[in-house]
Protein chains: 2
Amino acid sequence: MGPSRRRYYLGIDIGATWVKMGIVGHRGFLRAKEEFDTREIRSPRQFLSRTQETIEGLLKASSIERAAVGGTGVGAPGWVDYSNGIVRELTNIPKWHDVPLADQLTRATGLQTFVDNDANVMAVGELIHGAGRGHVNFICLTLGTGVGGAIIINGKIYRGARGLAGEIGHMVLDHNGPRCACGANGCLERYVGNRFIVANAVRRLEEGRGARRRSTILKLANHDVNAITPKLLAEAAAQGDAIAREVWRETGQYIGTALAVLVNLLNPECFIIGGGVAKAGHVLFDPIRKTLARLAMNKLGRVTPVREAQLGEDAGIVGAATFARTCTETG
Amino acid sequence: MGPSRRRYYLGIDIGATWVKMGIVGHRGFLRAKEEFDTREIRSPRQFLSRTQETIEGLLKASSIERAAVGGTGVGAPGWVDYSNGIVRELTNIPKWHDVPLADQLTRATGLQTFVDNDANVMAVGELIHGAGRGHVNFICLTLGTGVGGAIIINGKIYRGARGLAGEIGHMVLDHNGPRCACGANGCLERYVGNRFIVANAVRRLEEGRGARRRSTILKLANHDVNAITPKLLAEAAAQGDAIAREVWRETGQYIGTALAVLVNLLNPECFIIGGGVAKAGHVLFDPIRKTLARLAMNKLGRVTPVREAQLGEDAGIVGAATFARTCTETG
């Protein structure tokens, strides 16, 4: 069967809490989907057997023949050696080191498998099926626990000399700022990663006079500081809570500053921002756009669109499957 | 005469104080050279007639026939629309606005002319004849009055969507830092541009107890604060002056931080640093390399070389001529 007959691709999205797998058609539609707890794949061996099992189930559920599947794509959060198909390290999953995942999965499933980091596969999904259609040079950010990044140049993921380009979360915004896990100071991620957004809100609740009383944040959290999440802060902001709005404004300014530097450096056609934190919507995107317009050189900030990622919930699966498709198509 | 017989290219380097022109052979050797004061070309019209004249002189002096010259390259400090051959703005030369220089010079001289900004043509020179040979992905910095930048990807200048990529001088290192001319705060250039290096030294001379007395800087400057230049500070550092060394250490740390961010973002094969300030040598390059090694992710800072530009004094001319050659060769 020629590649033109292989109309489906498998996508696997390894997330911090869930592993999602699905079969994706040529136009990016999800035909079947399954997910399981990331804790079930603490070891690569567990991951292999669980994946084999799941793929069989997906094929059966969707009545798609294995021969119609062109390959499998995997998006992994961490350091991935794409060209050798090796997962060097997984963020938050300590037992994975130098796992030759592409080879192992190819052998275990009979489907040619390609592995890349999650931000890169998400960018490929948006490029082919989402907010990046029609563009050849753009930059993707994923906002979540960490800040992922991918740079698309001439319609392809730009990887750099050793495949490690795109670490947008580790742009320094204040070289005297708080220490980041990467060893530098004042990185973007150190301000807008999930828990730093929450910490910003908690600090404001503790500092402001009467702030605790006036703010709806603690009410929404049932007076449990540990229940505060970016999602909850987005809700509070939507209800007009001053502290929540201020937190999002500051978060947007940090991100907008990073985008302005990226415009000065790379002059992309547009930015695409996805990930859980991006769901905050206009309370986040408004200050991002305003800051970008103010700071980028040559007035480029005003003509460089900042778009929300379009693939939503299943962006990881669709991106991984689309990534596999582009890998098989280009050889 | 076919292009293979056209063995020479003209290079024009428009600098802040001097305009340099020369004829360059295929291997990057300068065959003849002339320069004049930048104040002589305040208007584009003056530039055209002065250039015509100079080109005639260079051809005569080198006994090279016009037919053996394949074209002219111009490197201009400012905002250049490369694809249309238009100089939008020249830094420090106010009367130039939207000058269609490529067309005008082509008509005036009968030699096909290409225009780009000075950092880009310098990068092409280093790519073909200098420290970039053998590399396809690298980043160039020119340190002088401003901080210029050029990004080489897949052996070509990366220009971005509107030809404005590469503004490395306007990477933000401290979003709360001092205001930069570009409108942002705490840009790299705001710390390591010529006059900010000097201002750093002057501040230290004024602040430190007895610093003025112990330092050799003012002696070298004949006790004239206005005579302090980066070149003089390099001399003082070479003589072991503590303040000068500290200024260079800090300057190197700023640049090294920017390079670490660039490694995280673009993972280049190497960096090439040129321009007058780079002549400070190891007092500058040592802290650059040390900071890069400390801050870049995945230990990439330790394996990404930071090289001095090789083309020296005439880098601008050789770069511009080489740039013209690559433009005619690729059509």
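**Helix packing and sheets of chain B**

H5(B) and H9(B) are oblique to each other, because angles under 35 degrees count as roughly parallel, those over 145 as roughly antiparallel, those from 65 to 115 as roughly perpendicular and the rest as oblique. The structure is a predicted model, in which local features need pLDDT of at least 70 and side-chain atom pairs count only at pLDDT 80 or more, while totals for chains, interfaces and linings use all residues. Residues are numbered from 1 along each chain as its sequence is written, chains are lettered from A and ligands numbered from 1 in the order in which they are written, and side-chain values use heavy atoms, with hydrogens and water left out.

The axes of H5(B) (residues 194-207) and H9(B) come within 10 Å and cross at roughly 135°, where axes are lines fitted to C-alpha atoms, for helices over the stretch in contact, and angles run from 0 to 180 degrees between N-to-C directions. Helices (H or I, at least four residues) and strands (E, at least two) are DSSP runs numbered from the N terminus. H5(B) passes H9(B) in a right-handed crossing, the near helix being turned clockwise from the far one by less than a right angle, whereas an anticlockwise turn would make the crossing left-handed. With contact taken as heavy atoms within 4.5 Å, the residues of H5(B) that meet H9(B) include B:Ile197, B:Arg203 and B:Arg204, and those of H9(B) include B:Glu246, B:Trp248 and B:Glu250. The residues of this contact divide into six nonpolar, two polar and four charged, where Ala, Val, Leu, Ile, Met, Phe, Trp, Tyr, Cys and Pro count as nonpolar, Asp, Glu, Lys and Arg as charged, and the others, Gly among them, as polar.

H9(B) (residues 242-266) also packs with H10(B) (residues 282-295), at an angle of about 40° and with the axes 7 Å apart, and this pair is therefore oblique. H9(B) passes H10(B) in a right-handed crossing. Among the residues that make the contact are B:Trp248, B:Gly252 and B:Leu259 of H9(B), together with B:Leu284, B:Pro287 and B:Leu292 of H10(B); the contact residues comprise 11 nonpolar, six polar and two charged.

An open sheet of five strands in chain B has the order E11-E10-E9-E12-E13, with mixed pairing, two strands being paired if DSSP finds at least two bridges between them. Strands E11 (156-157) and E13 (306-308) of chain B stand at the edges, each with a single partner strand, so one side of each is left without a neighbour in the sheet. H10(B) packs on this sheet, touching E9, E12 (270-274) and E13 of chain B, and its direction makes about 160° with that of E13(B). E9(B) (residues 138-143) and E10(B) (residues 147-153) pair in the antiparallel sense over six bridges, and B:Leu141 has B:Gly149 in E10(B) as its bridge partner.

An open sheet of three strands, also in chain B, has the order E5-E6-E7 and antiparallel pairing. Neighbouring strands of this sheet are turned by 20° against each other on average, direction ignored. E5(B) and E6(B) (residues 86-90) are joined by four bridges, and B:Val80 stands opposite B:Val87 in E6(B). These two strands form a hairpin with four residues between them, in which B:Gly85 in the turn has a positive phi of about 65°. B:Glu89 of E6(B) is the bridge partner of B:Trp79, and B:Glu89 is also partnered by B:His97 in E7(B).
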